[in-house]
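Colleague: I am new to reading protein models, and I would like to go through this one slowly with you. Could you take my questions in turn and show how each answer is reached?

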Amino acid sequence: MKKMRTVDKPWGKEEIWAETSRYAGKFLYINPHQSLSRQYHETKEETICVLQGILRLEVGEPSDPKFAICHLEEGQYFHIKPGTIHRFCADEVSVKLVEVSTPELDDVVRLEDMYNR
């Protein structure tokens with residue numbers, strides 16, 4: 001048996017519970033008033049499901065007429081294909097997500113980041 005690998009992030013933390021050559025699984029904990037980078041993935045494909053809290057999901061670039069903001073509640077999920085610009089945010093309360101994805105965990109192209117990464 002293995003233990004989850006915890007990765008501290010400026011917005012909270014990730015707990016990676018599955019990492020194979022074909023898929024990955026992790027929990028994301030987003031602290032209140034924090035956001036991940038506005039980003040996309042060149043290869044990685046992922047699906048997230050909200051376990052706790054209300055996720056503010058931004059899809060696209062704010063300057064794009066197709067830009068959308070959705071609020072996902074517990075039990076709601078969203079699929080993100082490669083090339084889709086997105087950002088996960090917690091507003092007033094913390095958010096816990098589960099993410100399943102292809103294994104390219106380092107495939108992140110940051111377009112905007114409040115932590116200057």
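Modeller: Gladly, and please keep in mind that this is a predicted model. Let us start with a pair of strands: β6, residues 46-52, and β11, residues 95-101, pair in the antiparallel sense over six bridges.

Colleague: Which residue in β11 is the bridge partner of I48?

Modeller: Strands β6 and β11 pair in the antiparallel sense, and within this pairing Q52 stands opposite K96 in β11. For I48, the bridge partner in β11 is E99.

Colleague: Over how many bridges do β3 and β11 pair?

Modeller: Strand β3 covers residues 24-30, and its pairing with β11 is antiparallel. One of the facing positions is F27, which stands opposite V98 in β11. The number of bridges over which β3 and β11 pair is seven.

Colleague: Which strands stand at the edges of the open sheet?

Modeller: The sheet is formed by six strands in the order β1-β2-β3-β11-β6-β9, with antiparallel pairing. A strand at the edge has a single partner strand, so one side of that strand is left without a neighbour in the sheet, and this holds for β1 (5-9) and β9 (77-80). From one strand to the next the twist averages 20 degrees. The strands at the edges are therefore β1 and β9.

Colleague: How many of the seven residues of β11 are buried?

Modeller: A residue counts as buried when its relative accessible area is under 20%. E99 meets this condition, with a relative accessible area of 3%. Strand β11 is largely enclosed by the rest of the structure, because the number of its seven residues that are buried is six.

Colleague: Which side chain meets that of E99 in a salt bridge?

Modeller: In general, side chains of opposite charge can pair when their charged atoms come close. The structure holds twelve salt bridges, and one of them joins the side chains of E99 and K44 at 2.9 Å, N to O. E99 lies in strand β11 and its partner in the loop between β5 and β6, so the pair ties together parts that are 55 residues apart in sequence. That partner, which is buried at 3% relative accessibility, is K44.

Colleague: Which residues are linked with R38 in a network of salt bridges?

Modeller: R38 lies in strand β5, residues 38-40, and is buried with a relative accessible area of 4%. Within the network, the side chains of D91 and R56 meet in a salt bridge of 2.9 Å, N to O, and because D91 lies in the loop between β10 and β11 while R56 is in strand β7, this pair ties together parts that are 35 residues apart in sequence. The side chains of E112 and R87 also meet in a salt bridge, at 3.4 Å, N to O, with E112 in strand β12 and R87 in strand β10, 25 residues apart. The residues linked with R38 are R56, E58, R87, D91 and E112.

Colleague: Is Q39 buried or exposed?

Modeller: The place of Q39 is in strand β5, and the residues it touches, not counting those up to four places away in sequence, include T84, H86 and V109. Since its relative accessibility is 8%, Q39 counts as buried.

Colleague: What is the area of the nonpolar surface patch made by M4, W17 and V100?

Modeller: M4 has its place in the segment before β1, and at 42% relative accessibility M4 counts as partly exposed. The nonpolar surface patch that M4 makes with W17 and V100 is about 290 Å².

How values were computed. Residues are numbered from 1 along each chain as its sequence is written. This is a predicted model: local features need pLDDT of at least 70, side-chain atom pairs count only at pLDDT 80 or more; totals for chains, interfaces and linings use all residues. Side-chain values use heavy atoms; hydrogens and water are left out. Two strands pair if DSSP finds at least two bridges between them. Helices (H or I, at least four residues) and strands (E, at least two) are DSSP runs, numbered from the N terminus. Axes are lines fitted to C-alpha atoms, for helices over the stretch in contact, and angles run from 0 to 180 degrees between N-to-C directions. Patches are made of residues with over 30% relative accessible area and no salt bridge: like charges are joined within 9 Å, nonpolar side chains (Val, Leu, Ile, Met, Phe, Trp, Tyr) within 5 Å. Accessible areas come from the Shrake-Rupley method with a 1.4 Å probe; for residues, only the protein chains shown count as cover. A salt bridge is a side-chain nitrogen of Lys or Arg within 4 Å of a carboxyl oxygen of Asp or Glu. Buried means under 20% relative accessible area, exposed over 50%, partly exposed in between (1.4 Å probe, protein chains only). Contact means heavy atoms within 4.5 Å.
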